[in-house]
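Trainee: I would like to learn how the words used for a protein structure are justified. Could we go through one example together, slowly?

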Amino acid sequence: MPPRLTVVRIASSLLSRPNASPITSFLAPLLLPTQQRAASILSSLSDTPGAYSKKIRRGRGPASGKGKTAGRGQKGQHAHGKVPAGFQGGQTPLEITQRERGNRKFNHFKVEMSPINLDRIQSWIDQGRLDPTQPITMKQLNSSRCLHGVKSHGVKLLGRNANQLKTPINIVVSRASTSAIAAIEALGGSVTTRFYSPTGIKHVLRGDSHPTISLQASPALIQSVFKTPESGWDDVALKAARATVSGQYKYRLADATGRKDIEYYRDPAHRGYLSYLVKEGESPSLFFKPPGEAREKKGQTARRQSAKASADNRLF
């Protein structure tokens with residue numbers, strides 16, 4: 001048994017007195033035991049509540065509380081463990097009949113772009129962080145920290161404080177507002193909107209793809225990047241320029257494939273990089289048919305039907 005606390009306290013008080021008598025100092029070794037031990041707490045040691053939980057032993061008799069059916073209830077489909085996750089008994093799932101609506105609903109058609117305004121671009125030019133003599137692309141905007149990252153669908157140019165823009169610039173972005181286009185072109189600059197896929201944006205920011213030129217890039221866009229050769233630009237020179245871009249970069253820049261994107265970047269009003277593909281009198285919409293095409297198609301259908309009828313009337 002360890003010593004009682006009262007004995008320990010008396011001995012420590014006698015030893016701590018400054019004017020202790022010689023008798024007290026002589027009796028001190030007899031009052032204290034040879035092996036000093038604190039009050040016993042070994043019998044009251046325990047884990048912190050909730051430190052561990054006892055393992056549930058299922059199907060080991062009624063005394064455990066989880067015997068017999070082991071917590072699975074009385075027979076039924078769920079008692080056998082054969083029900084897949086999310087199975088609702090064969091009915092139409094609730095996420096279809098009573099799906100979420102409103103702000104929490106995920107919109108597959110949502111376009112997320114990083115906004116950039118004209119006053120911020122002019123501020124970066126004044127600080128010497130952007131070179132207005134070179135085409136300004138999302139790579140320059142991101143590397144100069146004019147943009148803090150680019151979202152999955154690219155960059156949209158907005159016209160906030162357009163009167164602060166004093167420098168003519170040539171900028172290539174994903175989309176641009178009407179006011180921003182008007183302000184830049186009034187100073188003699190140019191705006192080009194081109195399609196960027198989420199993967200293409202990563203390649204451009206990483207330097208693995210050219211930020212402007214692709215297979216469907218317009219000749220004017222290629223001429224603005226490369227110096228004009230002495231012999232002028234022809235199909236051979238344009239193909240050589242595209243081949244040069246393909247050889248310098250690891251990945252080729254993607255072009256628009258969806259109908260919605262193709263129609264947007266074919267529109268001259270949006271300064272799309274595919275607007276050169278729209279001939280005079282045509283619309284950027286892929287549903288548009290030039291005048292006379294509908295009559296010609298009807299004539300082809302009539303000739304095809306008459307040929308089929310004459311083939312059916314043959315004896316051999």
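Mentor: What follows is a conversation about a predicted model, in which each term is set against the value behind it.

Trainee: What makes up the protein as a whole, in helices, strands and buried residues?

Mentor: The protein has 11 helices and 5 strands, and of its 316 residues, 26% are buried. Its accessible surface comes to about 22800 Å², and carbon and sulfur atoms account for 53% of that surface.

Trainee: Why are β1 and β4 said to stand at the edges of the sheet?

Mentor: The open sheet has 3 strands in the order β1-β2-β4, and the pairing is parallel. Strands β1 (114-117) and β4 (175-176) each have a single partner strand, so one side of each is left without a neighbour in the sheet, and this is what puts them at the edges.

Trainee: How do you know that β2 and β4 pair?

Mentor: Two strands pair if there are at least two bridges between them, and β2 (residues 155-158) and β4 are joined in the parallel sense over 2 bridges, so the condition is met. Within this pairing, K156 stands opposite R175 in β4, and the bridge partner of L157 in β4 is A176.

Trainee: How many bridges join β1 and β2, and which residue stands opposite L157 on that side?

Mentor: Strands β1 and β2 are paired in the parallel sense over 4 bridges, and I116 is the residue that stands opposite L157 in β2. Strand β2 also has two faces, a covered one with V155 and L157 and an uncovered one with K156 and L158.

Trainee: Which residues of helix α4 are buried, and what covers them?

Mentor: The buried residues of α4 are L118, D119, I121, Q122, W124 and I125, and their cover includes β1, β2, β3 and α6 (178-186). Just after α4 comes G128, with a positive phi of about 80 degrees.

Trainee: Why is D119 called buried, when its side chain takes part in a salt bridge with R160?

Mentor: The two terms rest on separate tests, so let us take them one at a time. Buried means under 20% relative accessible area, and D119 has 10%, so the residue is buried. A salt bridge needs a side-chain nitrogen of Lys or Arg within 4 Å of a carboxyl oxygen of Asp or Glu, and for D119 and R160 the N to O distance is 3.0 Å, so that test is passed as well. The pair links distant parts of the chain, since D119 is in helix α4 and R160 is in the loop between β2 and β3, 41 residues apart. R160, at 45% relative accessibility, counts as partly exposed.

Trainee: How do you know that K110 and E112 form a salt bridge?

Mentor: Their closest N and O atoms are 3.8 Å apart, and the limit is 4 Å, so the pair qualifies. K110 is partly exposed at 49%, and E112 is partly exposed at 35%, because partly exposed covers the range between the limits of 20% and 50%. The structure holds 5 salt bridges, and another of them joins the side chains of R206 and D208 at 3.7 Å, N to O.

Trainee: Why is R206 called exposed, and is D208 buried or exposed?

Mentor: Exposed means over 50% relative accessible area, and R206 has 54%, so R206 is exposed. D208 has 16%, which is under the limit of 20%, so D208 is buried.

Trainee: What makes I41, L42 and L45 a nonpolar patch?

Mentor: A nonpolar patch joins nonpolar side chains within 5 Å, from residues with over 30% relative accessible area and no salt bridge. L42 has 61%, so L42 is exposed and also passes the 30% limit. Together, I41, L42 and L45 have about 340 Å² of accessible area, and L42 lies in the loop between α2 (22-31) and α3 (94-97).

Trainee: Why is the phi of N161 worth pointing out?

Mentor: Most residues other than glycine have a negative phi. N161, in the loop between β2 and β3 (170-173), has a phi near 50 degrees, a positive value in a residue other than glycine. R271 likewise has a positive phi, about 55 degrees, although R271 is not a glycine.

Note on methods
Residues are numbered from 1 along each chain as its sequence is written. This is a predicted model: local features need pLDDT of at least 70, side-chain atom pairs count only at pLDDT 80 or more; totals for chains, interfaces and linings use all residues. Side-chain values use heavy atoms; hydrogens and water are left out. Buried means under 20% relative accessible area, exposed over 50%, partly exposed in between (1.4 Å probe, protein chains only). Patches are made of residues with over 30% relative accessible area and no salt bridge: like charges are joined within 9 Å, nonpolar side chains (Val, Leu, Ile, Met, Phe, Trp, Tyr) within 5 Å. Accessible areas come from the Shrake-Rupley method with a 1.4 Å probe; for residues, only the protein chains shown count as cover. Contact means heavy atoms within 4.5 Å.
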